[in-house]
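Student: I should like to learn how to read the features of a protein model. May we go through one together?

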Amino acid sequence: MFAQIRNSVVDAALQRLARNSGWLLAAEAVALIVSVLQFPLVARLLGTEGYGKAMLIVGWVGLAGSLLGIQTRKTIVKYLSLYLSNDQNFEALAIVKLGLILNISLATASCAIMYIVAPTLSLWLLDSADGAILFRVIILRDYFASTTGTTTSVLRVLNRFRWLSVVNALSSIATFLLVATVLLNSRGVIGYLTAVTAVSIIQSIILLIYSNYRLQLRCGANWWKTDLGILQNHQHEIRKMLFSMKLDGLRKVATEKADVVILGLFVNINSIGLYKMGKQLATYVSRLSNPIYSAIYPELAKLYHERGSEYIPKFVGSITRWMIIAMAISITLFLSISGTLVPLVFGKEYIAALPIFYIIMLTHIWLPLIWAPGLMLTLGKARQLMSINLISAVVTIGLLFILTPIWGTTGAAIALVTNYWVWSALILWYISRIPDIRLWPGRTQSKPT
């Protein structure tokens with residue numbers, strides 16, 4: 001009987017995970033279809049130089065925002081889930097208020113700095129002062145987008161996945177229509193960056209308004225009227241987790257932004273365009289996993305806070321098996337068709353991006369461990385996760401500076417792959433030592449430090 005009860009609990013959690021990730025996957029599928037149309041259009045009409053310039057600008061602005069900003073997503077998910085599970089409505093409102101205050105204040109500082117130095121960056125990177133307006137367009141986009149980490153986390157915890165999927169799908173379609181319009185009217189890089197910025201700003205405002213509405217319905221009050229002092233009991237833990245997630249973000253900087261920025265120091269803009277093309281193609285596999293990643297953490301947090309750790313191994317084991325099968329099918333399919341589709345869809349000038357694409361596909365070794373960050377955060381291992389991410393990020397940054405001057409874009413691709421392999425090895429090593437979480441039956445787990 002106990003086994004049946006336990007199975008029903010896990011099955012219910014898996015069903016919610018499947019339903020929630022299914023909604024997000026539907027939105028991601030729409031975004032993927034739109035991207036399949038938009039990506040070649042942008043690459044062809046901008047050319048390798050224009051595409052490389054746009055990606056370099058986005059990379060530099062994003063790098064500054066990541067270094068000077070703060071990640072609130074995982075902290076909001078953990079503590080909002082905890083407070084709502086215990087019917088602590090005012091604490092729930094307070095953690096959201098804290099997240100939004102941090103988002104907006106740090107974004108104001110970082111965007112102001114970037115706005116001032118935009119002309120200098122334009123002269124240094126683009127050999128022209130005219131590019132300052134391009135930087136400032138993306139700076140404006142990132143300023144408004146600074147709140148989305150908190151707002152999307154609120155909606156995920158409140159189980160509004162269907163609504164999120166609709167907004168994401170409509171945003172993808174709107175971006176494609178606007179980008180296609182400006183590029184077909186020969187607006188070039190400035191038109192492209194303005195189009196993506198306009199849609200992003202509207203989406204950020206909608207998410208902020210709707211998340212506030214849903215949170216008010218759930219808690220019966222507005223977050224801006226809540227006293228932050230009510231978080232005093234968890235003040236130290238929250239501060240420690242926010243700091244850990246700040247350091248943790250360095251790995252994301254290394255994998256998503258630093259490679260393009262460092263490449264800009266050693267190679268020309270055409271090479272950056274080819275590298276970004278190969279990387280973009282490879283990320284289509286991981287994009288399909290993003291909805292699952294987004295839905296796993298809230299479900300793990302709910303399962304652990306409401307039922308304890310005994311249900312975790314079966315839940316995690318099921319996800320791992322699904323991801324191994326999905327990874328094998330997706331990688332095989334992408335590798336088999338890429339050689340034919342790239343020159344046909346993007347043009348012969350992008351054939352040189354294929355070797356980069358083949359190397360970066362090796363990053364997907366991490367996909368069967370997609371549940372690992374959420375599990376570690378749920379168990380209160382934010383510091384350890386931060387350490388693992390920081391180590392892999394430092395290795396990547398070091399390799400980027402060593403390999404890029406020697407092998408150019410190939411060296412950057414190898415550094416990127418190394419990041420994911422080092423991270424996966426460290427994650428497996430640490431989780432195998434966590435007591436009370438026996439993910440591998442028959443294996444004795446020692447207590448980690």
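Tutor: The turns that follow take up pockets, cavities, burial, contacts and backbone angles. Please keep in mind that this model is predicted.

Student: Let us begin with the pocket. What volume does the largest pocket have?

Tutor: The largest pocket has a volume of about 340 Å³. A total of 17 residues line the largest pocket, and the closest to its centre are Leu281, Tyr284, Phe334, Ile337 and Leu341.

Student: Which elements give two or more residues to the lining of the largest pocket?

Tutor: They are helix 1 (2-68), helix 9 (269-307) and helix 10 (312-346). Helix 10 gives the most, with eight residues.

Student: How does the lining of the largest pocket divide by class?

Tutor: The lining has 15 nonpolar residues, two polar residues and no charged residues.

Student: Let us turn to enclosed spaces. How many cavities of 30 Å³ or more does a search of the whole structure find?

Tutor: The search finds two cavities of that size. The second largest cavity holds about 40 Å³ of space. Its lining includes Val96, Leu100, Thr150, Thr151 and Trp223. Helix 3 (89-126), helix 5 and helix 7 (188-219) each give two or more residues to this lining.

Student: Which helix gives the largest share of the lining of the second largest cavity, and how do the lining residues divide by class?

Tutor: Helix 7 gives the largest share, four residues. By class, the lining has six nonpolar, four polar and no charged residues.

Student: Thr150 was named in that lining. Is Thr150 buried or exposed?

Tutor: To judge burial, one compares the relative accessible area with a cut-off: a residue is buried when the value is under 20%. Thr150 has a relative accessible area of 0%, and therefore it is buried. Thr150 belongs to helix 5 (residues 148-157).

Student: Which residues does Thr150 touch, not counting residues up to four places away in sequence?

Tutor: Thr150 touches Thr72, Ile76, Val96, Gly99, Leu100 and Asn103. With Asn103 there is also a polar contact, in which the two side chains are joined at 2.6 Å. Val96 and Leu100, which Thr150 touches, also line the second largest cavity.

Student: Where is Gly278 found, and is Gly278 buried or exposed?

Tutor: Gly278 is found in helix 9. Its relative accessible area is 0%, so Gly278 is buried. Beyond residues up to four places away in sequence, Gly278 touches Ala353, Ile356, Phe357 and Ile360. A separation in sequence may be set beside a separation in space: Gly278 and Ser171 are 107 residues apart in sequence and 24 Å apart from C-alpha to C-alpha.

Student: How far apart are the C-alpha atoms of Arg239 and Thr75?

Tutor: They are separated by 9.5 Å, although the two residues are 164 residues apart along the chain. Arg239 lies in helix 8 (residues 235-266). Its relative accessibility is 47%, and so Arg239 counts as partly exposed.

Student: Where does Ala129 lie, and with which residues is Ala129 in contact, leaving aside its neighbours within four places in sequence?

Tutor: Ala129 lies in the loop between helix 3 and helix 4 (132-145). Ala129 is in contact with Ser122 and Leu123. The C-alpha atoms of Ala129 and Pro119, 10 residues apart along the chain, are separated by 5.6 Å. At 47% relative accessibility, Ala129 counts as partly exposed.

Student: How should one read the backbone angle phi?

Tutor: Most residues other than glycine have a negative phi. Asp87 has a positive phi, near 55 degrees. Asp87 is in the loop between helix 2 (73-85) and helix 3. Its relative accessibility is 59%, so Asp87 counts as exposed.

Student: What is the phi of Asn159, and where is Asn159 found?

Tutor: Asn159 has a positive phi of about 65 degrees although it is not a glycine. Asn159 is found in the loop between helix 5 and helix 6 (161-184). With 32% relative accessibility, Asn159 counts as partly exposed.

Student: Finally, how many disulfides are counted?

Tutor: A disulfide calls for a pair of cysteine sulfur atoms within 2.5 Å. By this rule the count is zero. As for burial, Cys111 is buried with a relative accessible area of 14%, and Cys219 is buried with 9%.

How values were computed
Residues numbered from 1 in each chain as written. Predicted model: local features only at pLDDT ≥ 70, side-chain atom pairs only at ≥ 80, totals over all residues. Heavy atoms only, no water. 1 Å grid on protein atoms, 1.4 Å probe; cavity = no way out; pocket = protein on both sides within 12 Å on 5 of 7 lines; lining within 4 Å. Points joined across faces, edges and corners; volume = space filled by probe spheres on them. Nonpolar A, V, L, I, M, F, W, Y, C, P; charged D, E, K, R; others polar. Buried < 20%, exposed > 50% of the residue type's maximum accessible area, 1.4 Å probe, protein only. Polar contact = N/O pair within 3.5 Å; in protein donor to acceptor, adjacent residues only side chain to side chain. Contact = heavy atoms within 4.5 Å.
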